[in-house]
Amino acid sequence: MSTLSARALALLLGGWRDAGVAYAALADRIRLLVLDGRISPSTRLPAERELAAQIGVSRTTVTAAYA
């Protein structure tokens with residue numbers, strides 16, 4: 001199982017924010033990255049705290065998106 005760093009995921013996410021709810025937009029973008037093959041389904045995502053700091057959102061937002 002490979003691990004994806006917070007910095008690498010932030011680069012893949014690109015412009016994920018839209019006018020909608022932040023956690024839903026983040027979850028949708030991660031889901032699309034998996035569906036189009038840019039992230040393998042077996043890849044371990046970065047820790048909530050690390051990703052939150054990297055993309056400038058609260059940890060709660062990342063927790064909700066991961067859920």
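**Exercise 1. Decide whether Thr61 is buried or exposed, and find what it touches.**

Solution. Start with the relative accessible area of Thr61, which is 16%. Buried means under 20% relative accessible area, exposed means over 50%, and partly exposed lies in between, with a 1.4 Å probe and protein chains only. Thr61 is therefore buried. Next, place the residue: Thr61 belongs to helix α4, where helices (H or I, at least four residues) and strands (E, at least two) are DSSP runs numbered from the N terminus. Finally, leaving aside residues up to four places away in sequence, Thr61 touches Ala22 and Tyr23, a contact being heavy atoms within 4.5 Å.

The model used here is predicted, so local features need pLDDT of at least 70 and side-chain atom pairs count only at pLDDT 80 or more, while totals for chains, interfaces and linings use all residues. Residues are numbered from 1 along each chain as its sequence is written, and side-chain values use heavy atoms, with hydrogens and water left out.

**Exercise 2. Classify Gln54 by its accessibility and describe its surroundings.**

Solution. Gln54 is found in helix α3, and its relative accessibility of 42% makes it count as partly exposed. Now look for residues beyond four places away in sequence: Gln54 touches Ala6, Arg7 and Ala10. As a last step, compare sequence with space for Gln54 and Ala8, which are 46 residues apart in sequence and 9.7 Å apart from C-alpha to C-alpha.

**Exercise 3. Work out which elements build the largest nonpolar core.**

Solution. A nonpolar core is a set of buried Ala, Val, Leu, Ile, Met, Phe, Trp, Tyr and Cys residues joined through side-chain atoms within 4.5 Å. The largest such core has 17 residues, and among those with the most contacts inside it are Leu9, Trp16, Leu26 and Val57. Two or more residues each come from α1 (6–13), α2 (22–35), α3 (48–55) and α4 (59–66), and α2 gives the largest share, five residues. Taking Val57 as an example, and not counting residues up to four places away in sequence, its contacts are Trp16, Arg17, Ala52 and Val62.

**Exercise 4. Describe the chain as a whole.**

Solution. Begin with the elements: the chain has four helices and zero strands. Its radius of gyration, taken over C-alpha atoms, is 11 Å, close to the 11 Å that the globule rule gives for 67 residues, so the chain is as compact as a globular protein of that length; the rule is 2.2 Å times the number of residues to the power 0.38. Then turn to burial, where 31% of the 67 residues count as buried.
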